[in-house]
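Please open the model in your viewer with the sequence panel beside it, and keep a selection tool at hand. The tour begins with a term, moves to the whole chain, and then goes from residue to residue.

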Amino acid sequence: MDKQNLIKGAKAVLNSNFNEDKGFTIPCEGLYPFQWHWDSGFIAIGYAHYDMEKAKREIESLLSGQWNNGFIPHIVFHNHSDTYFPGPDYHRSDLHPAAPKDIKTTGITQPPVLGFVLKEIYEIAQDKTEILEFIKRNIDKVYKNHQYFYTHRDPYNEGLVYIYHNWESGTDNSPIWDEIWQTMDPPKYKYERKDTTHVDASQRPTNSEYDCYLHLLEIAKAHNYSDKKIAELSPFLVQDPLFNAILIKSTEALIELYEIISGHSEKIESLKNWLEKAKKRFEEKLFDIHSNSYVYYDLRNQKHIVHTTSSSFTPLFAGIPNQERANQLVKQLETVFGSDNLFLCASFDPTSKHYSPMKYWRGPIWINLNWLIYKGLKRYGYFDLARRIKAETINFIEKHGFYEYFDARKQKFETAAYGGNNFSWSAALILDLIKE
Ligand code: DGY
């Protein structure tokens with residue numbers, strides 16, 4: 001596919017996944033038929049390159065699902081669909097008093113991308129005055145979301161927030177969570193999986209993993225999604241480097257945007273305090289000197305989960321490490337994840353016995369993680385490696401189309417595309433990479 005056809009194809013995917021009536025984009029037909037939080041953020045960046053009105057609608061429709069306490073859910077159910085489980089009647093956001101009355105959502109969140117997405121869109125926009133009007137209308141809602149995190153998701157006041165569900169991480173079935181599943185003994189729930197009717201089951205999480213996922217939701221629902229109770233009781237309570245790096249990057253972006261808008265000194269001060277504390281604690285707590293990478297902290301069981309994943313490299317995107325530590329990290333990226341027989345960047349350590357190159361977040365390459373790592377590499381001046389990851393990312397899409405995830409093994413390139421096809425963020429982020 002040449003560049004013009006790639007751009008045309010990407011726009012066609014986004015436009016066909018856009019729900020004109022409700023103003024949002026599904027991640028993928030059948031498999032993900034509602035509005036997903038971090039998908040929408042990445043999707044808005046793609047629209048910003050050719051249809052700013054859609055970019056704005058995408059963000060505003062997501063924010064229409066925000067709760068009164070600042071929480072932004074991982075799915076907003078604007079529409080009806082029978083092709084996904086668990087849907088709105090399972091999640092029951094109405095149990096929480098702060099949830100909107102007129103729209104159903106989930107009671108879990110996803111990596112808080114909106115802060116940096118607003119900044120990306122500002123950079124892309126030709127008409128800065130006009131886009132600033134949009135940002136002014138929405139930025140306080142995103143600020144309130146950050147306030148929610150530092151008020152309700154940081155019980156030891158460390159500057160690092162926890163997630164209480166693997167779906168909050170975005171990296172749903174990463175081997176990282178396996179140790180936590182072993183601490184749980186969920187009932188065998190009766191339910192009908194829908195995802196495996198759209199995608200080969202060998203590329204999706206197992207049923208026993210799904211039992212754990214549902215059990216975490218059952219515990220939260222039994223306590224009406226009370227943050228306090230969840231922090232006390234959830235068997236899953238993790239400080240995730242991807243989630244916290246994204247929150248940090250978004251905090252930095254909100255500061256930059258408020259400074260452009262001017263006149264918000266109190267908010268800027270709070271954001272700066274959160275930022276400084278978060279970066280410091282991230283460095284102290286999440287860097288593991290043995291594996292030379294950022295790892296996870298299991299707050300419930302008070303221990304690190306020491307594996308390297310593609311998330312381990314996202315602190316570069318947020319400007320967290322100093323140059324020396326960045327060098328160590330990039331060496332790891334280049335030699336272990338980017339060795340001769342691999343494309344960048346597998347979602348899980350390819351030398352580990354848990355690496356599974358065709359299974360969702362247990363090994364395959366994801367376009368959004370590659371995008372974050374690409375931006376991070378550029379931030380620290382690793383231009384050659386940045387060019388490599390960009391070229392390899394585009395190459396997958398050129399060869400196979402806009403799939404959800406890809407096999408990192410070079411010898412599998414001919415058949416490397418997995419998961420859903422016509423996947424929105426793959427299209428949106430390719431547009432951004434090409435247009436850059
Ligand atoms: C799923 O259903 O697989 C989603 O990733 C949950 O957000």
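Buried means a relative accessible area under 20%, exposed means over 50%, and partly exposed covers what lies in between. Keep in mind throughout that this is a predicted model.

**Step 1: Arg92**

Select Arg92, which sits in the loop between α4 and β5 (104-105). Its relative accessible area is 34%, and because partly exposed covers the range between 20% and 50%, Arg92 belongs to that class. If you display the backbone torsions here, you will find a positive phi of about 55 degrees, although Arg92 is not a glycine.

**Step 2: the whole chain**

Now zoom out and show the full protein chain as a cartoon, where 17 helices and 13 strands are assigned. The radius of gyration of the chain is 20 Å, close to the 22 Å that the globule rule gives for 436 residues, so the chain is as compact as a globular protein of that length. A box drawn along the principal axes around the C-alpha atoms comes to roughly 55 × 50 × 45 Å.

Colouring by relative accessibility shows how the 436 residues are divided, with buried residues making up 65% of them. Of the contacts with a sequence separation of 6 or more, 72% are between residues 24 or more positions apart. Switching to a surface view, you are looking at about 16,300 Å² of exposed area, of which carbon and sulfur atoms supply 47%. If you then colour the charged side chains, there are 51 positive and 57 negative ones, and the centres of these two sets lie 0 Å apart.

**Step 3: the annotated span**

Select residues 32-426, where UniProt, in an unreviewed entry, places the feature "domain: Mannosylglycerate hydrolase MGH1-like glycoside hydrolase". In the model this span is 49% helix and 6% strand, and its end C-alpha atoms lie 14 Å apart.

**Step 4: Pro86 and the two cis peptide bonds**

Go next to Phe85 and Pro86, which are joined by a cis peptide bond with omega of about 0 degrees. Pro86 lies in the loop between β4 (75-77) and α4 (88-91). Is Pro86 buried or exposed? With a relative accessibility of 0%, Pro86 counts as buried. Showing its surroundings, and leaving aside neighbours within four places in sequence, you will see contacts with Phe77, His91, Trp167 and Leu214. A distance label between the C-alpha atoms of Pro86 and Tyr191 should read 8.9 Å, although these two residues are 105 residues apart in sequence.

A cis peptide bond also joins Leu344 and Cys345, here with omega of about -10 degrees. Cys345 is in the loop between α14 (323-337) and β11 (365-366).

**Step 5: Asn157**

Select Asn157, in the loop between α6 (128-152) and α7 (166-169). Its phi is near 50 degrees, which is a positive value in a residue other than glycine. Asn157 is exposed, with a relative accessible area of 53%.

**Step 6: Ile121**

Which helix holds Ile121? Ile121 is in helix α5, residues 114-124, and at 1% relative accessibility it counts as buried. Beyond residues up to four places away in sequence, Ile121 touches Ala44, Ala48, Met52, Ala55, Ile59 and Ile131, so a selection of these residues around Ile121 reproduces its contacts as defined by heavy atoms within 4.5 Å. For contrast in scale, label the C-alpha distance from Ile121 to Pro186, which is 43 Å across a sequence separation of 65 residues.

**Step 7: Asp51**

Move to Asp51, in the loop between α2 (37-48) and α3 (52-63). Asp51 is partly exposed, with a relative accessible area of 23%. Its C-alpha atom is 9.8 Å from that of Lys11, and the two residues are 40 residues apart in sequence.

**Step 8: Leu242**

Finish at Leu242, found in helix α12, residues 241-261. Leu242 has 0% relative accessibility and counts as buried. Which residues does Leu242 touch, not counting those up to four places away in sequence? They are Trp38, Ser169, Thr171, Ser311, Thr314, Leu369 and Leu372. As a last label, the C-alpha atoms of Leu242 and Ile430 are separated by 21 Å, with their positions 188 residues apart along the chain.

Notes
Residues numbered from 1 in each chain as written. Predicted model: local features only at pLDDT ≥ 70, side-chain atom pairs only at ≥ 80, totals over all residues. Heavy atoms only, no water. Helix = DSSP H or I, 4+ residues; strand = E, 2+ residues; numbered from the N terminus. Rg over C-alpha atoms; globule rule 2.2 N^0.38 Å. Buried < 20%, exposed > 50% of the residue type's maximum accessible area, 1.4 Å probe, protein only. Areas by Shrake-Rupley, 256 points an atom, 1.4 Å probe, with all protein chains shown as cover. Lys, Arg positive; Asp, Glu negative; His and termini not counted. Charge placed at Lys NZ, Arg CZ, Asp CG, Glu CD. UniProt positions renumbered as here; feature names shortened; annotations may be inferred.
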